[in-house]
Amino acid sequence: MNILGYADKFSVMQNESVEFKVSCQNIKKYNAALLKIVQGDINDKGPGYKEIKLKDNLGGPFNARYQKIPIGSYGIIRNKKIFHKLKSLSLSVYIFPTLLKRGRKQVILSRKNNNGFELFINNEDKIQFNINNYNIKLKKKIFEKNWYFITAKYNSKNGSVYISEELVFKQNENNVINVNKKIIKKNIDFTNNDCNFFIAANSNNGQIKNFYNGKIDSLKIYDKETKLDLSKKTSKTFAEWDFSKFISSDKFFDKGINKLHGKLINHPARAVTGYNWNEKNQDWKINSTNYSSIHFHEDDLSDCNWDTDFKFKIPSKMKSGIYAVKLFNRSDEFYIPFCIKPKKKSRKNKILFLMPTASYLAYANNRIGIDVPETELVCGRLIEMNKQDIYLQEHPELGLSFYDLHEDGSPVFYSSKKRPIINFQPKSVGKLGGIGSNVWQFNADTHVTGWLDNFGYDFDVITDSDLQTEGLELIKDYSVIITGTHPEYYSLKMIETIEKYKNKGGRLMYLGGNGFYWRISYDTKSTDIIECRKSEGGIRTFETKPGESYTSTTGEYSGLWRRNGIPPNKLTGIGMVSQGFDVSSPYYRTNASYNKKVKFIFNGVKEKIIGNFGLSGGGASGLEIDSVNKDLGSPDNILILASSKKHTDVYMMTPEDMLDPAPGMGGTEAEIIKSDMVFFKTLNNGAVFSVGSIAWAGSMAWNNYKNNVSKITKNVLDGFLKKTKFK
Amino acid sequence: MSRYQINKTDVKYAEEFRNNLYLNNYYHSPSLQRILNLFRSGPKKGKYVIVKLNNKKIWHLGILPENRGQKIKIYKKIYFESLLDAEWYVFKKRWKKHSGKELRI
């Protein structure tokens, strides 16, 4: 893969511009074409890949250039002359290192080029303090995942340096304060430099390096040698950074006299517990002083910050839909999909496809199958790697998803769109898509858009970002909203908006599985970054640490919507019950499917078995599946039209349902493990049709869309488009 | 990681696996599932994968490395024209690893 890129927007309107940021290696030129993406699955048993070329050339050939991905988080205070006043100095800081034993330097703080001062963990995992070319270090190694109180001092009058470390929580009588001191030189001029002040990294010839992994808390600088200990009785500070302020922002606050406020780069984790946290406080909003730390990671990434290579203005006559710019040369191609949303005053189509971009972000560049060895167990077969996987494995700088862990084993809280996302492309083959096409998220959703195209439906497209920013006004006039195959990640505003739409008479077709599962929040500045904290239950790669279940961006209690009082069952009638990624199963019609109220759904369908075929596991019910649970809010008027009956034992009950683990919780035995296809009326003649299976769309696309799953879906859509009242 | 240990009575489940494989049957007996859980669990380092290098239906044997950034080892000379053949090949390799003996069926 010699071409990578991303756009500045997921969603754009006519007459607006999209900027494309590109990085290339090993090539000199590339071209760019504009396409409409109709159906992205390349499986030769599928309906056929379909893209429509709209513009061959967007101004190329373009000169290829390399743009680095600047991965790693840190704090920066731009060069301030006030630092030049420092002659003597003392530092104190609490640290909680999370990744040691790797034989490399990790900087805690630095204001140093050739001259200057720097406090760091050296390549022997010992605390070291450097002033110009002088250094002092402690003799003992520090250990991971302990809070240490670190001090360092230089006295210009007598030339002494001092360094100490002390465990904050003593474990035994051997945990004494470790100290080292010596005389180096009087009146060292360490301030005569023009450089920025860094926290959790340093700068070497403009390159940000030596990232620190772990928490940093209560960093203070004094302009003299002073007594520093855990008693906290200290003199006036030169700088005193309080990370418990502005937790929802990328700023950090200096409550010292010099107001040396700083900025965070690449979104390190905030709203994380500090050295002084205790179990009485689980919510940072109640007492943020217990959350005075920031967790930095060498693999945080929120913005590649690449320069724009070209931009494209959307013509005023271009219809709403899913488009992509294809970057290509003779041997490589890279797609950057985006959505053109309808103009505000000319929303003419009755159908809206809601592109679940929050869920695309949650899975962006995920390393499932590469980093998660259990993947082979849940897929029930060997994991297939392709060129994209090989590239991802060799290029960790592409950043992480909510399915990965940071290198230090801590959870990934944030995912950003400002980076190349290699699994957000047509033609992409995933890991969890089941035997067959093995498509996931965006490319699986093109089974739905390809189906709409095949039957000639005109439809508009918006993204989750649009739903978040524009709310009900954006969707209220559509007759039918169709979801993607796996709209798993939802913010409060998004879920409330869909609920309001439904109850104002809107009609919702939930053509997926495991939807509306995790509660997310968006970054306060934009919808480019989402946050999720996977607390309390749910199928997940990690669980939140105690006290860290509230998002930093909005302060919401994150985790399952089920634990937040809005289970997906309330919205769609069904909720997540199991997952497995080998083979999918058919649905069997129930007696209720012959009810006159739902006759329109089964017009022309004679079969009792629905979807015993498909591109996603060979059946219509599979991958991640949902069923009715009235205790969780499935409405009383719900009709279960068909259900799957038996899945393999790769399918297991979810942790939130597996309250008392016992034998018999696999797919061949547990009754709860099934998809329910349901229909129910809502207020004002609204209605919901839900299928409860990610694999459903893979069956819609089977046999060139000629099959009973496709027929049922079409019957529902046609019925929903009519204004007739449901019985 | 599974703690199950292969024993000599398990050969019949290896036969079941081979039969299921070529019948595309993913509903295995509990005894076979237990063996598969052992074979398919374990750490990332050294885990077998299959690698498709282009659009052709040819899959190479591969092995995952320990850390991000390291290359996936790809055996260019060990390749399969069928996913099922690859699955059976790896099953036999894992059988030998866990039982110490060749699977001769």
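## Strand pairing and contacts in chains A and B

In this predicted model, strand E4 (residues 29-39) of chain A runs antiparallel to strand E6 (residues 62-63) of chain A, and two bridges join them.

**Exercise 1.** Starting from that pairing, work out which residue of E6(A) stands opposite Tyr30(A), and how many bridges E4(A) forms with E26 and with E5 of chain A.

*Solution.* Begin with E6(A), where the residue opposite Tyr30(A) is Phe62(A). Next take strand E26 (residues 321-328) of chain A, which pairs with E4(A) in the antiparallel sense over six bridges; here Ala32(A) stands opposite Leu327(A). Finally, strand E5 (residues 50-55) of chain A also pairs with E4(A) in the antiparallel sense, this time over five bridges, and within that pairing Leu35(A) has Lys53(A) as its bridge partner.

**Exercise 2.** Place E4(A) in its domain setting: find the bounds of the domains of chain A, and then say which strands supply the side of domain 1 that touches domain 3.

*Solution.* The domain assignment divides chain A into domain 1 (3-68 + 310-340), domain 2 (74-296) and domain 3 (351-721). Taken over C-alpha atoms, the centres of domain 1 and domain 3 of chain A are separated by 26 Å, and 25 residues of domain 1 are in contact with 31 residues of domain 3. On the domain 1 side, at least two residues each come from strand E1 (3-7), E4, E5, E26 and strand E27 (333-340) of chain A. By residue class, this side of domain 1 divides into 13 nonpolar, eight polar and four charged residues.

**Exercise 3.** Describe chain B by its secondary structure, its burial and its contacts along the sequence.

*Solution.* Chain B holds three helices and three strands, and along the sequence these follow the pattern α-α-β-β-β-α. Along the principal axes, its C-alpha atoms fill a box of roughly 40 × 30 × 25 Å. Of its 105 residues, 23% count as buried, and where contacts join residues at least 6 apart in sequence, 35% of them join residues at least 24 apart.

**Exercise 4.** Determine which elements of chain A supply the side that touches chain B, and what kinds of residue are found there.

*Solution.* The contact between the chains involves 22 residues of chain A and 26 residues of chain B. On the chain A side, helix H2 (375-379), strand E29 (384-385), helix H3 (387-394) and strand E38 (575-585) each supply at least two residues, with the largest share, four residues, coming from H3(A). The residues on this side comprise nine nonpolar, five polar and eight charged.

**Exercise 5.** Trace the sheet that contains E29(A) and E1(B), and explain why one side of each edge strand is left without a neighbour.

*Solution.* First, E29(A) runs parallel to strand E1 (residues 48-51) of chain B and is joined to it by two bridges, Glu384(A) having Ile50(B) as its bridge partner. Second, E1(B) runs antiparallel to strand E2 (residues 59-63) of chain B, with four bridges between them; in this pair the bridge partner of Val51(B) is His60(B). Third, the open sheet of four strands has the order E29(A)-E1(B)-E2(B)-E3(B), and its pairing is mixed. E29 of chain A and strand E3 (73-80) of chain B stand at the edges with a single partner strand each, so one side of each lacks a neighbour in the sheet. Lastly, helix H3 (residues 83-99) of chain B packs on the sheet, where this helix touches E1, E2 and E3 of chain B and its direction makes about 115° with that of E3(B).

Note on methods
Residues numbered from 1 in each chain as written. Chains lettered and ligands numbered in written order. Predicted model: local features only at pLDDT ≥ 70, side-chain atom pairs only at ≥ 80, totals over all residues. Buried ≥ 20, exposed ≤ 12 C-beta atoms within 10 Å, placed from the backbone. Contact = placed C-beta atoms within 7 Å. Pairing = 2+ DSSP bridges. Nonpolar A, V, L, I, M, F, W, Y, C, P; charged D, E, K, R; others polar. Axes fitted to C-alpha atoms, helices over the stretch in contact; angles between N-to-C directions. Domains from an automatic or database assignment.
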